[in-house]
Amino acid sequence: MRCKGPWKVLSIRWLQKCAEVIPFLRNSDTASYRPDLVILDYRMPLNGGKALAELKHDPDYWSIPVLVLTGTKSHRDIEEIYRLGANCCYKKPFDLDSLDTLVQTMTEHWLVTVCTPTAVC
C-alpha cells in the first residue's frame, strides 16, 4: 500500500492474530520499533478487542493511537471498542480500493493533523 503525504512510511506490519501484537512489539528484533499508529480489525482472529485492551493498558504503548476497523452494526460492540480505549472506530470497507482510500485518510489525519503524546505538533 502506498501512502501519500508529508510523512514517510518506514514499514507496515500485518499481524494475523491479536496474540501477536504485544509480543511483536516486545521482540528483541523489534523492541526499538515503536509504531506511530496501530490499525486493528475488531474481529481479527482471537479477538481484536483483546489486542486493543492490551495496548491501551500497557505502560509502553498506551499513548499510541489505535484505530479500529469493524464490520459490526451493533451499538454495544461500538461502545465496547471505545470503552477498551480506541481512539477512533471506522466502518470496515470490503474492497481493496476502499481500504486503500480509508488508510490514506486515517494516516493523513492521525499522523499529520492530530497532536498526540507521541507526535510533535
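Helices here are DSSP runs of at least four residues and strands are runs of at least two, both numbered from the N terminus. Counted that way, this predicted model has four helices and three strands. Read from the N terminus on, the elements go α-β-α-β-α-β-α.

As for the overall picture, the protein has 121 residues, and 40% of them count as buried. About 7900 Å² is exposed, with carbon and sulfur atoms supplying 54% of that area. Contacts often reach a good way along the chain: taking those between residues at least 6 apart in sequence, 58% join residues at least 24 apart.

Turning to charged side chains, a search of the whole structure comes up with three salt bridges. One of them pairs Lys92 with Asp41, at 3.0 Å from N to O. Asp41 belongs to strand S1 (residues 38-41), while Lys92 sits in the loop between strand S3 (88-91) and helix H4 (96-113), so this pair ties together parts that are 51 residues apart in sequence. Asp41 has 25% relative accessibility and therefore counts as partly exposed.

Another salt bridge stays inside one helix. Glu54 and Lys50 meet through their side chains at 3.7 Å, N to O. Both residues lie in helix H2, four residues apart, which is about one turn of the helix. Glu54 is partly exposed at a relative accessible area of 30%, and Lys50 is partly exposed too, at 45%.

Helix H3 (residues 75-83) holds a pair of its own, with Glu80 and Arg83 placed three residues apart, again about one turn of the helix. The closest N and O atoms of this salt bridge are 2.9 Å apart. Glu80 is partly exposed, with a relative accessible area of 25%, whereas Arg83 is exposed, at 59%.

Then there is Lys56, which lies in helix H2 (residues 48-57). This lysine is buried yet has no salt bridge. The nearest side chain of opposite charge belongs to Asp58, and that is 11 Å away. A salt bridge needs the nitrogen within 4 Å of a carboxyl oxygen, so Asp58, at 11 Å, does not make one with Lys56. What does surround Lys56, then, leaving aside its neighbours within four places in sequence? Lys56 is in contact with Trp62, Ile64, Pro65, Val66, Leu84, Gly85 and Asn87. Helix H2 thus carries both a buried lysine without a salt bridge, Lys56, and the Glu54 and Lys50 pair, whose side chains do meet in one.

Key
Residues numbered from 1 in each chain as written. Predicted model: local features only at pLDDT ≥ 70, side-chain atom pairs only at ≥ 80, totals over all residues. Heavy atoms only, no water. Buried < 20%, exposed > 50% of the residue type's maximum accessible area, 1.4 Å probe, protein only. Contact = heavy atoms within 4.5 Å. Areas by Shrake-Rupley, 256 points an atom, 1.4 Å probe, with all protein chains shown as cover. Lys, Arg positive; Asp, Glu negative; His and termini not counted.
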